[in-house]
Amino acid sequence: MSDHKPEKKVKPPKAFGWVAEYADDNQLLDAARKVRDSGYTRTDAFTPFPVHGIDEALGIKPTVLPWFTLCAGATGTSIALLMQWWMNSIDYPYIISGKPFSSWPAFIPVAFELTVLFAAYTTVFAMLGLNGLPKFSNPMFTNPKFDRATDDRFFLWVDSRDKYFNTEKVKSLLDSTSPLSVDEVREDDTPAEIPKAIFSVIMALIFVSLIPGAMVLRMRASQSDSPRWHVFFDMDFQPKKKPQQTTSLFADNRTQRPPVPGTVARGELENADPYYLGYDPDQTALLESTAATRMVAFKLQEPAAQEPAATEPPATEPVAEAPSTEPASTEPAIAEPAAAKQEPAPAAVAAETQAATPETANAQPAPAAAAGEPNYAWLTEFPIEATEELFALGKKKYEINCAVCHGFAGYGNGLVSQRATNLAQGYWVQPTSLHEDRIQKQALGRIYYTIANGKGKMAAYASSLTPKERWAVVLYVRALQRSQNASLEDVPEARRGDLSAK
Amino acid sequence: MMPIPTPTKNLARLMSTIASHKVIDNTIDTPGRRSPLVTGNQTYGSLTHMVSRISEEAQPLAWWVTFLLAVPTLGMFGGLIVYLFLTGVGVWGNMSPVFWAWPIVNFVFWVGIGHAGTLISAILFLFRQNWRTGINRAAEAMTIFAVVCAGTFPGIHVGRAWLAFWLTPYPSLNLWMWPQFRSPLLWDVFAVGTYASVSLVFWYMGMIPDLATFRDRSTNKFRRMVYGILSLGWSGSSRHWMRYEKAYSLLAALATPLVLSVHTVVSFDFAVSQLPGWHTTIFPPYFVAGAIFSGFGMVVTLLVPVRALYKLKDVITLRHLDNMNKIILATGSLVGLAYATEFFMAWYSQNPYEVFTFWNRAFGPYWWAYWIMVSCNVISPQLFWFKFFRTNTIAMWIVSIFVNIGMWFERFVITVTSLSRDFLPSSWGYFTPTWVDIGMLVGSFGLFFTLFSLFCRYLPIVAMAEVKGVMSQHAHAEHRHAHSHGHAHSHGHAGGH
Amino acid sequence: MAANTLNDNITMPASWRAAAPILVAVGAVCVLVSLGLFQFLVKSENEATGFRMFFHSYLANYIYCLSFCLGALFFVLVQHVVRAGWSASVRRVAELLALTIPWWAVLFLPIIAVVFGGQGTLYEWTKGAGNVPAIVELKLSYLDPKWFLLRAVVYFAVWCIAATLYFRKSREQDESGSTEITIKLQRWAGPFIIAFALSLNFAAFDWMMSTDAEWYSTIYGVYLFAAGMLSFFAVMILTCYLMQRNGRMEKYVTTEHFHDLAKFQFGFIVFWTYIAFSQFLLYWYANIPEETAWYADRLDLETGWRPLGYLLIILHFAVPFLGTLPRAIRRNKSVLAGWAVFILCVHWLDMTFLVMPNVGHASAAMLFGHFVCWIGMVSIFLALFLFRVGETPMVAVRDPWMPDALAYQQSPM
C-alpha cells in the first residue's frame with residue numbers, strides 16, 4: 001500500500017477518517033505503534049519534519065527510488081559516451097590538437113556530468129511522482145488545525161477505507177493516546193476550478209509567449225525578398241577595405257598596396273630571391289612591363305564600373321591614365337641597380353630551341369610549344385661560390401638523381417633509357433643529351449630552373465634536392481659539358497705531359 | 001525584549017520565542033555530550049516563527065539600503081553588457097597576450113564561491129554534520145546566485161553572445177556539425193550547466209517543506225496561493241517524508257562528486273594547456289580546496305550580517321560560525337600547501353619556463369597581486385587558530401572579506417601573470433583593466449546582492465524542517481545522556497510548550 | 001562509568017600473538033628469497049639488475065605497508081579534530097596501526113643504506129654529479145643523500161610523535177576516563193594534521209617520485225594519500241571483522257560502524273580514481289614529452305606494463321565501485337571483508353605500477369620475485385602489528401564519545 005493515496009473520487013465518502021493531533025514526536029510515535037498494533041494499515045502521520053522511527057511505527061515499506069536513480073545514471077553515462085563518440089568520431093570527425101577522433105579520456109568529464117544530471121533530475125521527479133505531488137487539494141487541508149502540521153504539531157490519521165475501520169472504535173483508540181485533539185477528516189468541498197481572472201491571465205500569457213516562437217518558425221519556413229534583418233552586424237559590415245577595391249587614400253586609388261621596393265615579405269623569400277628561383281624576378285617583371293601596365297589599368301577600371309556609387313563615393317572618378325604613369329615612375333628606380341645582371345632571353349631563342357629538337361616536339365606537341373618556354377631573366381653566374389666541395393656535391397647528386405636517365409657522361413643514355421629502348425622498340429624518346437648545342441647555350445639559371453621544375457617528361461627535383469644541391473648539379477653539368485668539348489688549354493699545364501704520353 | 005510589529009494570531013508563539021534570549025557558548029563540547037545547535041530554549045513553534053516572520057514582516061532598514069544599492073548596480077551591469085554587445089569586446093582590457101583576462105577571473109571567482117552551498121548541503125550531510133542545517137539554505141541560495149553571476153561572464157566573453165547556444169550539441173539545420181568534445185571549454189559548459197541546474201533543484205527540493213510552512217502561516221489569500229503552488233501541496237505525510245529523505249540523500253551523494261567535478265573541470269580549462277603556471281597536476285584538488293575556501297568565506301560574509309539583522313543568533317549560532325571558520329582555516333592552509341607544492345615543484349622540475357613563471361609571479365610586474373593573494377588566502381585565515389577570531393563576529397567578518405579579496409586575486413594571478421609572460425618575450429605584455437572591466441565586476445555584485453536580498457525577503461532563509469529534526473535529535477541525545485548519568489537535563493529540550 | 005561496561009572481549013586472541021615470531025621469520029625469509037629470485041631468475045647482462053629490482057620491490061612493498069599505517073594516523077587525527085563520536089569504538093585499531101610507524105622507521109634503514117652506498121641502485125640521482133642526466137644534475141642540491149636522510153628523520157619524527165602521543169593518551173584515558181585528555185588531543189590534532197600533510201607530501205616526492213628523478217607531478221603526494229587512506233579503511237574493516245569472527249569486539253563494533261567504514265572505503269575508491277584520472281588526463285592532454293615519459297614507461301606496449309594499467313582501471317575502480325555500491329553489501333560484514341581483501345590486493349598492484357616500471361620491462365620472473373617480497377613484507381607488517389597490539393585492549397572503552405558511538409544509527413541511506 002506504500003504508494004496508494006486516497007485521491008480516487010469514485011463516489012467519494014463524505015468523511016475520510018479520523019485525525020489526532022499531538023504536541024511531541026514521542027507521543028506521535030507511541031500513538032502510531034498503538035494504532036499499528038491494533039491492526040490498522042491505512043494510516044499516515046503528518047509531521048513538520050521527518051520523525052525517525054515513524055516508518056517502522058507505521059509499517060512504511062522502503063521506496064524503490066534508488067533504482068530510478070541508478071537506471072537514470074547509467075542512461076546518462078551511456079548517452080554521453082555514445083553522443084560524443086558519434087558526433088566527434090563518426091558524424092563530424094575532425095582533427096584537433098593531434099588528438100584521436102575517439103578520445104576516451106577527454107570524453108570522461110562530460111560523461112560524468114550527464115550521469116549526475118540524469119540521475120539527479122530523475123531522483124527529484126521520481127520522488128515527486130511517487131509522492132503524487134503536486135497535489136493541491138487534500139482533505140487534510142480542510143481542518144484549520146492542520147496548518148500547524150508544517151509548524152509544531154504532529155498528526156496521526158486513520159483512513160476510513162481501512163479494512164477494520166469503525167468510526168467509534170478508531171475515535172476511542174485515538175482518544176486513548178492522549179492527543180491534543182481528535183477530529184473527523186472531511187472532504188474538501190471548495191470549488192476546484194481556478195478563478196476566472198487568473199485563468200484568463202495565464203492563458204493570455206501562454207498565448208503571448210508563443211508569438212515569438214511562431215514568428216521564428218514562420219520565417220524559417222517561408223521565403224522573403226527583403227534584405228536580411230541585422231539585429232547584430234555579425235561582422236557583415238566593417239569599416240575596412242578589401243583587396244581589389246578602390247580608395248581615395250592613395251594616388252593610384254588601389255586599396256591593395258604594392259610591396260615597398262627592395263623588401264621581401266616574411267616567408268616569401270623563396271619566391272623573391274634569384275638563388276631559389278634561378279632567375280631574377282624584378283628583371284623578369286621588366287621584360288613584361290607593357291603587359292603588366294595594361295593589366296593594372298584593366299584591374300583599376302573593374303571595381304569602378306561594377307560597384308554601386310553609394311558605397312564608395314571618393315572612388316567613383318575613373319582613373320584610367322594615372323596608373324600607367326605610377327608604376328613607370330617607381331619601377332625603373334628599383335630595376336636600375338640590378339640592370340647589370342640582366343640577360344634578356346628573347347622568345348626567338350626559345351623558338352629556335354624547339355625547332356632544333358624535332359623529336360621532343362613530336363613526343364609532346366602541346367607543352368613543348370614555343371609559347372611554353374618562359375621568358376625570364378635567367379641568372380648567368382652562380383649565386384654561390386663554385387668550389388671543389390660544391391663540385392663534389394654536384395657529382396654525387398648528379399650520379400644519384402640524374403645519371404639513371406641522362407647517363408654518367410650526360411649523353412642521355414642512362415640505364416633507364418637503355419632498358420626502355422630495348423623494351424619500347426622505337427616509341428621511347430631518349431632523354432636529352434646535355435651536350436646538345438641548345439643545352440650548352442642555356443643560361444645557368446635555366447638549367448637550375450629545369451632541375452627544380454622539370455621539363456617535358458622529366459619530373460621536378462625540387463623535393464629531392466635543396467637549392468644548394470641544385471646549384472651543385474648545375475655546376476657539375478657545366479663541368480660535364482666542358483669535359484666533352486675540352487681543348488688542350490683546358491688541361492692544367494702540369495698534367496699536359498700525361499696526355500701527350502698517351 | 002524585541003519590538004512586536006503587528007499583532008497577529010501568532011502573538012503567543014512570538015512571546016515564547018523571545019522569552020529568554022541569553023547567549024550560550026555552544027562552541028565547546030564537553031566530550032561525550034554535544035552542545036545544542038539551537039540555543040535560547042527554542043521550541044518548534046518559536047523556531048518556525050523566528051524564521052517565517054522575516055518574510056512576513058516589513059524589512060529592516062538595512063535590507064532596503066542593500067537592495068536599493070544593489071538594484072542600480074545591477075542596472076549598471078546590464079547597461080555595460082549592452083554597451084559591450086553593441087561595441088565589441090574591445091571595451092575590455094583584454095589584449096595580446098592576455099586574451100583571457102578580467103572576465104575569466106570573475107567567472108572562476110564566482111564559480112568558486114558557488115561551491116559552499118552545495119558542499120554544505122551535500123558533503124556535510126554525508127558526514128552527518130548536523131550544524132549544516134542552520135546555514136545550508138542561505139548557502140545554497142548563495143551558490144545559485146553566484147553561479148548565475150559566474151555564468152554571465154563566459155556567456156558574454158564568447159564574442160557574439162547571441163550565438164552562445166552554439167555551445168550546445170543541437171542538430172543545427174544550417175551547419176550540421178557538432179561541438180568539439182575534446183575541448184575543456186565544452187566540458188565546462190556541461191559541468192557548470194549541470195551544477196547550476198542540479199543545485200537549483202536541490203535547493204528547491206529542500207525548500208518545499210518550508211514553503212508549505214509559509215503557506216500554512218499565510219494570512220492572506222494571495223500569499224497562500226503563491227506559496228501553495230510553490231510547495232506543490234506538501235502535507236508532511238510520513239510516506240512523503242520517507243521518499244523525500246531518500247531522494248535528499250541520493251541527491252547529496254550525487255552532488256558531492258558533482259561539486260568536486262565542477263571546479264575540477266574549471267581547473268582543466270587551465271591545466272590541460274601547456275602554459276607554465278597552468279599546466280600542473282595539483283590543479284584539480286587545489287582548485288576545489290580554493291573553491292570551498294572562498295565559498296565559506298562568502299557564507300561568513302553574508303551570514304554574519306544576516307543573523308544580526310534578522311535576529312537569528314539562536315539558529316545560526318556561534319558554533320556554526322566557529323565551525324565554518326575552522327573549515328576556512330583548513331582549506332586556507334590546504335591552498336597554502338598547494339601554493340608551496342607548486343612553487344617547490346617548479347624548482348624541482350628544473351624546467352626553465354616553470355621556474356621563470358613562478359619567480360615572475362612572486363617578483364615580476366604582478367608581484368603586488370601575488371602578495372595580496374598570499375597574505376589574504378594563507379596568512380589571514382591563520383588568525384582562526386585563535387578562538388577569539390573564530391567567535392568574534394566582527395573579527396571573522398573582516399577576515400572573511402580578506403578571503404574574498406584574496407581568492408579573487410588568486411584567479412587574477414593564475415590567469416593574468418601566466419599569460420602576460422608567454423614563451424615568446426617579444427609578445428610579453430602588461431594587462432590593465434578598463435573602466436568597463438571594473439564596472440562589470442562591481443555590477444556582478446549588484447546582481448548577486450539583488451538576488452540575495454530578494455531571497456531573504458521572500459523565501460525561508462533557514463531550513464526550518466531540518467533544524468527541527470536536529471532539535472528533536474538533540475533532545476533524544478540529551479534524554480539518553482540523562483539516563484546514563486542518572487539525572488535529568490531539562491536543557492535544550494525541544495517540543496514541549 | 002566503569003570500563004568495558006558491555007562486558008565484551010576486546011583483546012586479541014593469544015594464538016594470534018603467538019604467531020608473531022613465526023611471521024617475522026617467514027617475512028625475513030621471503031624478503032631474502034625474493035632477493036635471490038631477482039638475482040638468479042631475472043636474466044640480464046647487467047649484474048646489478050637483480051639488486052636494482054630487489055630494492056625497487058622492497059620500496060614498493062615498504063610503501064604499501066607504510067601507506068595504510070599513515071592512513072591510520074591521519075584517521076586518528078581527523079577523528080579528533082572533527083570531534084567525531086561514531087568512531088570512538090574503532091579508533092583504537094587505527095591508533096595501534098599507526099603505532100607501528102616507529103618500526104617502519106627501522107625498516108627504512110635499508111633504503112637509507114642504498115641511498116648512501118647504492119650508486120644508483122634504487123635512486124638514479126645517488127650516482128652523483130657527472131653521472132646523471134643534465135636535468136637531474138640541477139636537482140642534486142635537493143636530491144642529496146645527507147639532506148634526504150635529514151628529511152626522512154623529520155618525517156618519521158612527526159609521525160612517531162603523533163602516533164605515540166595519541167596512543168599513550170588514549171591508553172591513559174582507559175584508566176582515568178578523563179575528558180580533559182580528549183580536549184587536549186582535539187586541540188593538538190589541527191597542528192599535527194598540518195605537519196602530517198606537509199611531511200606526507202614531501203615524503204611521497206622524496207621516496208617515491210624521485211625513483212624517476214627526471215619526472216615530476218605536483219599531485220603525487222595526494223595520490224599516495226588517497227591510496228593510503230583507501231587501503232587503511234580496508235585494513236580496518238578486515239581487522240574488525242577478524243576480531244569479531246573470533247568472538248571479540250562484537251558489542252562495540254556494530255553493523256553501523258562497518259557501514260560507515262565501508263562508505264569511507266567507497267569514497268576513497270572514487271577519490272583515488274579522481275586523483276589518478278586527473279593526473280593522467282592532464283599529462284595525456286598536454287602531451288609534453290618530459291611528462292608523458294613516465295606514462296610511456298608504463299603504458300607503451302613494448303614495456304609489458306600496459307595490461308597492469310588497464311587492470312588498475314578495472315580492478316581499482318570499476319569492480320570495487322560497483323561491488324560496494326549497494327547498501328546491502330556495505331552492511332554485510334563478511335562480504336565487506338572480502339572486498340577489503342580485494343582492495344588490499346589492488347593496492348599492491350597500484351604500488352607496483354608506481355615503482356616497478358622504473359626498473360625495466362615487465363617479466364614473469366620479476367613479478368614473481370616482487371610477489372614473494374610482498375608476502376614477506378606483509379608478514380613483517382602483521383608480526384609488527386600483532387606484537388605491538390599484544391594485550392592492549394582494541395577498543396578505547398572509556399572514550400567519552402563511546403555512548404554516542406554505540407547509540408548511533410545510520411540514517412536510511
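A surface patch, as I shall use the term, is made of residues with over 30% relative accessible area and no salt bridge, nonpolar side chains being joined within 5 Å. Please note that what we have before us is a predicted model.

With that term in hand, I turn to one such patch. It is nonpolar, covers about 540 Å², and draws on two chains: A:Phe136 on one side, and B:Phe222, B:Met225, B:Val226, B:Ile229 and B:Leu230 on the other. Where in chain A does A:Phe136 lie? A:Phe136 is found in the loop that runs between α4 (104–131) and β3 (154–159). Its relative accessibility is 47%, and therefore A:Phe136 counts as partly exposed.

Let me now describe chain A as a whole. Its secondary structure consists of 18 helices and four strands. The chain has 502 residues, of which 34% count as buried. About 30400 Å² of chain A is exposed, and 61% of that area comes from carbon and sulfur atoms. Among contacts in chain A with a separation of 6 or more, 70% join residues 24 or more positions apart.

I move next to the interior. Which residues have the most contacts inside the largest nonpolar core? They are B:Phe296, C:Tyr62, C:Trp159 and C:Trp207, in a core of 353 residues. The element that gives the most to this core is helix α2 of chain C, residues 49–81, with 20 residues. Another core lies apart from it; this one has 19 residues, including A:Tyr275, A:Leu379, A:Ala452 and A:Leu465.

Finally, B:Phe296 itself: beyond its neighbours within four places in sequence, its contacts include B:Ala116, B:Leu119, B:Trp131 and B:Met324.

Note on methods: Residues numbered from 1 in each chain as written. Chains lettered and ligands numbered in written order. Predicted model: local features only at pLDDT ≥ 70, side-chain atom pairs only at ≥ 80, totals over all residues. Heavy atoms only, no water. Patch = residues over 30% accessible without salt bridge, like charges linked within 9 Å, V, L, I, M, F, W, Y side chains within 5 Å. Areas by Shrake-Rupley, 256 points an atom, 1.4 Å probe, with all protein chains shown as cover. Salt bridge = Lys/Arg side-chain N within 4 Å of Asp/Glu carboxyl O. Helix = DSSP H or I, 4+ residues; strand = E, 2+ residues; numbered from the N terminus. Buried < 20%, exposed > 50% of the residue type's maximum accessible area, 1.4 Å probe, protein only. Contact = heavy atoms within 4.5 Å. Core = buried A, V, L, I, M, F, W, Y, C linked by side-chain atoms within 4.5 Å.
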